Amino acid sequence: MDNLIQKINSKISQMRTVRERLESRKHINGTLWVSREKGRVVYHWNHDSEKRVPLGKSDMKLIRALAQQEYEAKVIAASKRSERLLSVFSKRIAKCIFPEDVYDSLRPDRRALVVKVDSDEEYARQWYEKNRRPKLPYKIGTAAYLTENGEYVKSKSELMIANRLKARGILYVYETEIHVNDGTKMRKPDFMVLNKRNRKVYFWEHLGMMDVSSYVSDTVLKLREYEGNGILLGRDLIVTMENKDLPLDIHIIDDMINAFLI
């Protein structure tokens, strides 16, 4: 809020500076009349109460000066009007009390008793508490990689994604369970993630063996099942992929985060 008011006051100050500079310039009496006659532009000088004085090519300096003067007069008028409106807005918005202001105004002992209303951080915390699953223990003999969140994932690429999500402040749940095919089949997307800003949930699948034909066939089936369950690629589903020759790039992970989750 303080930042917004500061920007408004800065804009008002800029407009005043420009207006003072324009108002200090020498004024030419009269205005410019521009019309068309027989397909060509014709200029006249409305000089005080006298008749319009025709201007030709030799008067181009005066023509431009009159046009500039009228343009600057409009800038001055617009600046004055905008300053009045912004000043009123700045004073009124300073009196606004937003939900976060109410919480911040509470005494610490009372604040400790309540849950902050409608903050993105609180919404994200409650979403995570509702959806998180118990962390699975490590099983001897299985490929497992420990993330910075303290859970085991199944591949180095999943490890990269999990750690990058955490580094970027994105909450995620690993291998949540969703039902597809009218509830007759269960799938476990690699990650379920939350965009705190718009509170939209996405599923993130990493396809790690796209050079294996059987894996590709299973992937097509999986994506079809997601589509049938209303989880559409590019709208609800984020996909990264790799094969032996083209491993996952951390920049691709960041691109996905920037596109969907920030």
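In the predicted model, Glu-175 is buried, with a relative accessible area of 9%. This residue falls below the 20% limit that defines the buried class. Glu-175 is located in the loop that connects S6 to strand S7 (178-180). Its backbone has a positive phi of about 50 degrees, although the residue is not a glycine. Glu-175 also belongs to the residues that lie nearest the centre of the largest pocket, together with Lys-135, Leu-136, Tyr-152 and Tyr-174.

The largest pocket encloses about 460 Å³ of space, and its lining comprises 21 residues. Two elements, strand S5 (152-153) and strand S6 (172-174), give two or more residues to this lining. The greatest contribution comes from S6, with 3 residues. By residue class, the lining of the largest pocket consists of 12 nonpolar, 1 polar and 8 charged residues.

Strand S6 is also part of an open sheet of 4 strands, arranged in the order S6-S9-S10-S11 with mixed pairing. S6 and strand S11 (237-241) form the edges of this sheet, each pairing on one side only. From one strand to the next, the twist averages 20 degrees. In general, the strands of a sheet pair through backbone hydrogen bonds, in either a parallel or an antiparallel sense. Between S6 and strand S9 (residues 191-195), the pairing is antiparallel and extends over 3 bridges. Tyr-174 has Phe-191 of S9 as its bridge partner. Tyr-174 is thus named both in this pairing and among the residues nearest the centre of the largest pocket.

Two helices are associated with the sheet. Helix H8 (residues 250-260) packs on the sheet and touches S9, S10 and S11; the direction of H8 makes about 170 degrees with that of S11. Helix H6 lies across S6, S9, S10 and S11, and H6 runs at about 20 degrees to S9.

Helix H6 (156-167) contributes to the second largest pocket as well, where H6, strand S10 (200-207) and helix H7 (213-228) each supply at least two lining residues. The space in the second largest pocket amounts to about 320 Å³. Its lining is made up of 16 residues, of which Lys-154, Glu-158, Asp-190, His-206 and Tyr-215 lie nearest the centre. The lining of the second largest pocket divides into 2 nonpolar, 4 polar and 10 charged residues.

A search of the whole structure for cavities of 30 Å³ or more returned 1. The largest cavity has a volume of about 30 Å³ and is lined by Leu-223, Glu-227, Ile-231, Leu-233 and Leu-237. Of these lining residues, 4 are nonpolar, none is polar and 1 is charged.

A positive phi in a residue other than glycine is found for Lys-38 as well, with a value near 55 degrees. Lys-38 is situated in the loop between strand S1 (31-37) and strand S2 (40-46). Lys-38 is classed as exposed because its relative accessibility is 89%, whereas Glu-175 is buried.

Arg-110, which lies in helix H4 (residues 108-111), is likewise exposed, its relative accessible area being 54%. Between Arg-110 and Asp-211, the separation is 101 residues in sequence and 59 Å in space, taken from C-alpha to C-alpha.

Terms used: Residues are numbered from 1 along each chain as its sequence is written. This is a predicted model: local features need pLDDT of at least 70, side-chain atom pairs count only at pLDDT 80 or more; totals for chains, interfaces and linings use all residues. Side-chain values use heavy atoms; hydrogens and water are left out. On a 1 Å grid over the protein atoms alone, a cavity is a set of points where a 1.4 Å probe fits but cannot get out, and a pocket is an open set with protein on both sides within 12 Å along at least five of seven lines; lining residues have an atom within 4 Å of a point. Grid points are joined across faces, edges and corners, and a volume is the space filled by probe spheres set on the points. Ala, Val, Leu, Ile, Met, Phe, Trp, Tyr, Cys and Pro count as nonpolar, Asp, Glu, Lys and Arg as charged, and the others, Gly among them, as polar. Two strands pair if DSSP finds at least two bridges between them. Axes are lines fitted to C-alpha atoms, for helices over the stretch in contact, and angles run from 0 to 180 degrees between N-to-C directions. Contact means heavy atoms within 4.5 Å. Buried means under 20% relative accessible area, exposed over 50%, partly exposed in between (1.4 Å probe, protein chains only).
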